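The exercises below ask you to work through a protein model from its strands to its interior and then to its hollow spaces. Please try each task on the structure before reading the solution beneath it.

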Amino acid sequence: MSLRNKTLFYIGITIIFLLSAIYALSSTFFLKGFLKIEKDHVLNNAERVLSILHDDLSGLSSAVGDWAAWDETYSFTMDANPLYVKKNLPDETYLELKINLILFVDPAGKVIFGRGFDLSNKKEVPIQDKVIEQIAPFLKHNTIDSVIQGILILDEYPMLIASRPIITSDRKGPIRGSMIFGRYLNEQEIKRWSDIAKLSIKINGIDSLDIKKSGIDIEKSSIFIKPVDSKIISGYMVVKDIYNKPA
C-alpha cells in the first residue's frame, strides 16, 4: 500500500472513530434530555390529577357547608323531624350532589340520620359499618368555620368525605353537631377524572401488587416516575388518608 493510500486509510479510520464518538455522546446527551422532558411531563400530569382530587374534596366541602349552615338543618338536629328528610332528601338530592352518603351527627357523636345511596342504580343502600366506625376524625369542629375533609379507606372503594359544623343560616352557633357528605372514589369517578385530565388513571391500595412491583419508596416522596417499557412511562402518586397515613 502506497504512503498516500495509507494516509487516506488512517484519516478515514480517524474520521469514523470521531464520528462514532460524537454520535455516542450526542445520543446520550439528547436521550437524557428527552428522558427529562418525559419525566417532567409525567410529573405535571401527576400534579394535575392531584389537583382534581383536591378540587373534588373542596367541592364536596362547599356543598356540605351550604347544607350545614341552614336553619332547617339546625332545627332538624334538635327535633329529628321526618318532614325535613321527606322534603329535602329525596333520591334526586343525592343525584344532583353526586354523593353516596349523608350523615347528621349530634355533638355527642350520635348519628341522628344517615343514608347511603348507589348513584349508578339510583337506590338506597346500607351505610358501611366502617364508615360509622371511622367518623370520629370528622366530628372535631371547634369553630363555626371549621372544615374537615379527607379520604377513608373502605372495603371496596375509598371514599372522599367532607364535614362541616351545623350552624344557623346567619352563621351563628352554638354548633349543633356535624353534617357529612361522602362520595365513593369508584370506577365511574376515576373515569370522570380520566376524561377531565385526558389521561389514563388507575387507583390502587398502598399494599397492592402493582405498587409493590413498581419498586417505589413511599417514605421518600409522594410522586414517583417509573418507565414501564420503551414506550410507556408511569407516574405514581401516594395519597394520604384522614389519619395522615399513605392510603
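Two strands count as a pair if DSSP finds at least two bridges between them. Bear in mind throughout that the model is predicted.

**Exercise 1.** Determine how many bridges join β7 to β8, and how many residues lie between these strands in their hairpin.

*Solution.* Begin by locating β7 at residues 223–227 and β8 at residues 233–237. Five bridges join these two strands, which run antiparallel, so the pairing rule of at least two bridges is met. Next, look for a facing pair: isoleucine 223 stands opposite methionine 237 in β8. Finally, follow the chain from one strand to the other, where five residues lie between β7 and β8 in the hairpin that they form.

**Exercise 2.** Carry out the analysis for β4 and β5, and find the residue of β5 that stands opposite leucine 152.

*Solution.* Strand β4 covers residues 148–153, and six bridges join it to β5 in an antiparallel arrangement. The residue that stands opposite leucine 152 is methionine 159 of β5. These strands, too, form a hairpin, in this case with four residues between them.

**Exercise 3.** Identify the members of the largest nonpolar core that touch the most other members, and then the element that gives the most to this core.

*Solution.* The largest nonpolar core holds 34 residues, and those touching the most other members are Leu89, Ile102, Phe104, Met179, Phe181 and Trp193. Sorting the core by element, at least two residues come from each of several helices and strands, among them α1 (3–68), α2 (71–79), β2 (111–118), β5 (158–165) and α6 (187–197). The element that gives the most is α1, with 11 residues. To see the surroundings of one member, take tryptophan 193, which, when residues up to four places away in sequence are not counted, touches Val49, Ile52, Leu53, Asp56, Leu185 and Ile201. There is also a second, separate core of 14 residues, which includes Leu101, Ile161, Ile180 and Ile242.

**Exercise 4.** Describe the second largest pocket by its volume, its lining and the classes of its lining residues.

*Solution.* The space in this pocket comes to about 430 Å³. Its lining consists of 18 residues, of which Asn100, Asp118, Leu119, Ser120 and Asn186 are the closest to its centre. The elements giving two or more residues to the lining are β2, β6 and α6, and α6 gives the most, with three. By class, the lining of the second largest pocket divides into seven nonpolar, five polar and six charged residues.

**Exercise 5.** Count the cavities of 30 Å³ or more, and set out the lining of each by class.

*Solution.* There are two cavities of 30 Å³ or more. The largest has a volume of about 60 Å³, and its lining includes Asn100, Leu101, Phe117, Gln128, Met159 and Tyr184. Eight of the residues lining the largest cavity are nonpolar and three are polar, while none is charged. The second largest cavity holds about 40 Å³ of space and is lined by Gly65, Ala68, Ala69, Ile144, Arg164, Pro165, Ile167 and Arg171. Both α1 and β5 give two or more residues to the lining of the second largest cavity, which by class has five nonpolar, one polar and two charged residues.

Notes: Residues are numbered from 1 along each chain as its sequence is written. This is a predicted model: local features need pLDDT of at least 70, side-chain atom pairs count only at pLDDT 80 or more; totals for chains, interfaces and linings use all residues. Side-chain values use heavy atoms; hydrogens and water are left out. A nonpolar core is a set of buried Ala, Val, Leu, Ile, Met, Phe, Trp, Tyr and Cys residues joined through side-chain atoms within 4.5 Å. Buried means under 20% relative accessible area, exposed over 50%, partly exposed in between (1.4 Å probe, protein chains only). Contact means heavy atoms within 4.5 Å. On a 1 Å grid over the protein atoms alone, a cavity is a set of points where a 1.4 Å probe fits but cannot get out, and a pocket is an open set with protein on both sides within 12 Å along at least five of seven lines; lining residues have an atom within 4 Å of a point. Grid points are joined across faces, edges and corners, and a volume is the space filled by probe spheres set on the points. Ala, Val, Leu, Ile, Met, Phe, Trp, Tyr, Cys and Pro count as nonpolar, Asp, Glu, Lys and Arg as charged, and the others, Gly among them, as polar.
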